[in-house]
Amino acid sequence: MATFGEFLRAERNKKGLNQSEFGQPFGIIMTEISKIETGKKKFPFTCLEALAKFLGKDYLELKNLYVADKLVEEAHKYGCSDSVFTVAESQSKYLKSKNIKQEKIKF
């Protein structure tokens, strides 16, 4: 599995584009693309849908990869073990079920 930046580099290479050409549709200069590919900077979330179209990828899959990359970075920043992801999954399921139950309540 690759980081989001590594994924972008691979996709850029598949298209045969240099960093400047790849960043142009999104208004991102070459030096910023370099930083994104090496993980020193994040790709702008606001451009994610346009990126999915540009790459011919499913937006939801791309968004999942993007957010997962951010989650992993946060977990490593705080020195968490991988079990944090199991806890996060449980919390996510809990919040979804809680929201569904609240939606069913009629006032």
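Does Asp69 count as buried or exposed, and at what relative accessibility? At 18% relative accessibility, Asp69 counts as buried, because the cut-off for a buried residue is under 20% relative accessible area. This briefing describes a predicted model, and it takes up the nonpolar core, helix 4, a surface patch and the salt bridges in turn.

**The nonpolar core**

- The largest nonpolar core has 17 residues, and among those with the most contacts inside it are Phe4, Phe7, Leu8 and Phe43, together with Leu48, Leu51 and Leu62.
- Two or more residues of this core come from each of helix 1 (4-14), helix 3 (30-37), helix 4 (48-55) and helix 5 (59-77), and helix 4 gives the most, with four residues.
- Leaving aside residues up to four places away in sequence, Leu62 touches Phe4 and Phe7, and it also touches Leu48, Leu51 and Ala52.
- As a general background to such a core, nonpolar side chains in soluble globular proteins tend to be buried together.

**Helix 4 and its surroundings**

- The buried residues of helix 4 are Leu48, Leu51, Ala52 and Leu55, and, seen down the axis of helix 4, they fall within an arc of 100°, so they line one face of the helix.
- The cover over these buried residues of helix 4 includes helix 1, helix 2 (19-23) and helix 5.
- Just after helix 4 comes Gly56, which takes a positive phi of about 70°.

**A nonpolar patch on the surface**

- On the surface, Phe45, Val67, Leu71, Val72 and Phe85 form a nonpolar patch, and together these residues have about 390 Å² of accessible area.
- Helix 5 gives the most to the nonpolar patch, with three residues.
- Phe45, one of the residues in the patch, lies in the loop between helix 3 and helix 4 and is partly exposed, with a relative accessible area of 39%.

**Salt bridges**

- The structure holds ten salt bridges, and the pairs described below are among them.
- Asp69 forms a salt bridge with Lys42, in which the closest N and O atoms are 3.3 Å apart; the pair links distant parts of the chain, since Asp69 is in helix 5 and Lys42 is in the loop between helix 3 and helix 4, 27 residues apart.
- Within this pair, Asp69 counts as buried at 18% relative accessibility, whereas Lys42 is partly exposed, with a relative accessible area of 27%.
- The side chains of Lys41 and Glu32 also meet in a salt bridge (2.5 Å, N to O), where Lys41 is partly exposed, with a relative accessible area of 39%, and Glu32 counts as buried at 18% relative accessibility.
- In helix 6 (residues 83-104), Glu89 and Lys93 are four residues apart, so they are separated by about one helical turn, and their side chains meet in a salt bridge (3.7 Å, N to O).
- Of these two residues, Glu89 counts as partly exposed at 45% relative accessibility, while Lys93 is exposed, with a relative accessible area of 55%.
- Arg9, Arg12 and Glu37 are linked in a network of salt bridges.

Methods:
Residues numbered from 1 in each chain as written. Predicted model: local features only at pLDDT ≥ 70, side-chain atom pairs only at ≥ 80, totals over all residues. Heavy atoms only, no water. Core = buried A, V, L, I, M, F, W, Y, C linked by side-chain atoms within 4.5 Å. Buried < 20%, exposed > 50% of the residue type's maximum accessible area, 1.4 Å probe, protein only. Contact = heavy atoms within 4.5 Å. Patch = residues over 30% accessible without salt bridge, like charges linked within 9 Å, V, L, I, M, F, W, Y side chains within 5 Å. Areas by Shrake-Rupley, 256 points an atom, 1.4 Å probe, with all protein chains shown as cover. Salt bridge = Lys/Arg side-chain N within 4 Å of Asp/Glu carboxyl O. Arc of directions from axis to C-beta.
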